[in-house]
Amino acid sequence: MTTSEESLNLFKALNYNNLIEVKPFGWKCPYCNHFTTITKENCRKQVNEGFSKSKDEKHYFISTFILCPNPSCGQVSILASLNFWKRNEYYESPLGKAYKEWQLIPEPRPRTWPDNVPVAIIQDYSEAVLICELSPKASATLSRRCLQGIIRDVHKVNERTLAKEIDKIKDKVNEETFNIIETIRQVGNIGAHMERDISIIIDIDPGEAQILIQLIETLIQKWYIDDPKHKQRIEDLKTKAEKASLKK
């Protein structure tokens, strides 16, 4: 039996109580990096209510099992969140707002990038991934610095704030890429924080910190790997390295 078949059998066997409705959401598999939409066909969510101070305040622990729909992957990811609900504040959501989130399986790990990605960018990105769950605030600070480093390195801009630098590159990138950046800039506190100094540690939700990491991964892939100009740089570096070896 293949690993994919074993994962599917495990997923089908999940028949526990307290299941909650799964609404379609976008997701990237941490195993195969496949972007997809997750539905109730490949996701199970269970909620457990914790102790509450009063009927107007409740805590919930939510566990989420996701089966990657990519036929060549089929791995199971397990996520968890601790949610808080308070009447009149988060009344629009009966399960409240997540104030702590974890990726249990697989454990978060940074992706490996080619040598043409600057070392400083790789270091900031890797640290942001590794501490995302432990300290979303610190992770978001590193991500903003990493994002600024990528934009400055690739597009040679240098403005007072990250937000101004993003505006500066609008005519230098394709519409699809800029729309990705703009969409993320409109999420929660991210947009406001881009107007501030990147070294300032700011309050940010765990989910927002993860969104910033995914943006960085997307831009590294697009600008350092997929872009023909950067592919040519890699080939040039390989040629130079080969010539240098022949001279020895």
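Start with the whole chain in cartoon view and follow it from the N terminus: the order of elements is α-β-β-β-β-β-β-α-α-α-α-α-α-α. That comes to 8 helices and 6 strands. Keep in mind as you go that this is a predicted model.

**Stop 1: colour by confidence**

Colour the chain by pLDDT. The average is 78, and 74% of the residues score at least 70. Select helix α1, residues 3-13, to see where confidence is lowest, with a mean of 55. Then jump to helix α2, residues 119-130, where confidence is highest, at 93.

**Stop 2: the sheet**

Now select the strands β3, β4, β5 and β6. These 4 strands make an open sheet, ordered β3-β4-β5-β6, with antiparallel pairing. Look at the two ends of that order: β3 and β6 (97-105) are the edge strands, and each has a single partner, so one side of each has no neighbour in the sheet. Turn the view to see the twist, which averages 20° from one strand to the next.

Zoom in on β3 and β4 (residues 57-67). The two run antiparallel and are joined by 7 bridges. One place to look is Cys 43, whose bridge partner in β4 is Ile 66.

Next, click on Asn 48, which belongs to strand β3 (residues 43-49). Is Asn 48 buried or exposed? Neither label fits: Asn 48 is partly exposed, because its relative accessible area is 32% and the partly exposed class runs between 20% and 50%. While you are there, draw a distance from its C-alpha to that of Tyr 60: the two residues are 12 apart along the chain, and the separation is 5.6 Å.

**Stop 3: the cysteines**

Show the cysteine side chains as sticks and select Cys 29, Cys 68 and Cys 73. Cys 29 is buried, at 0% relative accessibility. Cys 73 sits in the loop between β4 and β5 (76-86), and it is buried too, with a relative accessible area of 9%. From the C-alpha of Cys 73 to that of Asn 33, 40 residues away along the chain, the separation is 9.8 Å.

How many disulfides are there? The count is 0. To see why, take the sulfur of Cys 29: its closest cysteine sulfur, in Cys 68, is 3.7 Å away, too far for a bond when the cut-off is 2.5 Å. For Cys 73, the closest cysteine sulfur is that of Cys 29, at 3.9 Å, which is again too far for a bond.

**Stop 4: the nonpolar cores**

Move on to the helices. Nonpolar side chains tend to be buried together in soluble globular proteins. Here the largest nonpolar core holds 28 residues, and Ile 150, Ile 151, Ile 220, Trp 223 and Tyr 224 have the most contacts inside it. Helices α2, α3 (136-155), α4 (162-168), α5 (175-185) and α7 (206-226) each contribute at least two residues. The biggest share comes from α7, which gives 8 residues.

Select Ile 151 and show what surrounds it. Leaving aside residues up to four places away in sequence, Ile 151 touches Lys 156, Val 157, Leu 162, Glu 165, Ile 166, Ile 169 and Trp 223. Apart from this core lies another, of 8 residues, including Trp 27, Cys 29, Cys 43 and Ile 66.

**Last stop: zoom out**

Return to the full view of the 248 residues, of which 38% count as buried. Among contacts with a separation of 6 or more, 53% are between residues 24 or more positions apart.

Technical notes:
Residues are numbered from 1 along each chain as its sequence is written. This is a predicted model: local features need pLDDT of at least 70, side-chain atom pairs count only at pLDDT 80 or more; totals for chains, interfaces and linings use all residues. Side-chain values use heavy atoms; hydrogens and water are left out. Buried means under 20% relative accessible area, exposed over 50%, partly exposed in between (1.4 Å probe, protein chains only). pLDDT is the predictor's confidence in each residue, from 0 to 100. A nonpolar core is a set of buried Ala, Val, Leu, Ile, Met, Phe, Trp, Tyr and Cys residues joined through side-chain atoms within 4.5 Å. Contact means heavy atoms within 4.5 Å. Two strands pair if DSSP finds at least two bridges between them. Axes are lines fitted to C-alpha atoms, for helices over the stretch in contact, and angles run from 0 to 180 degrees between N-to-C directions.
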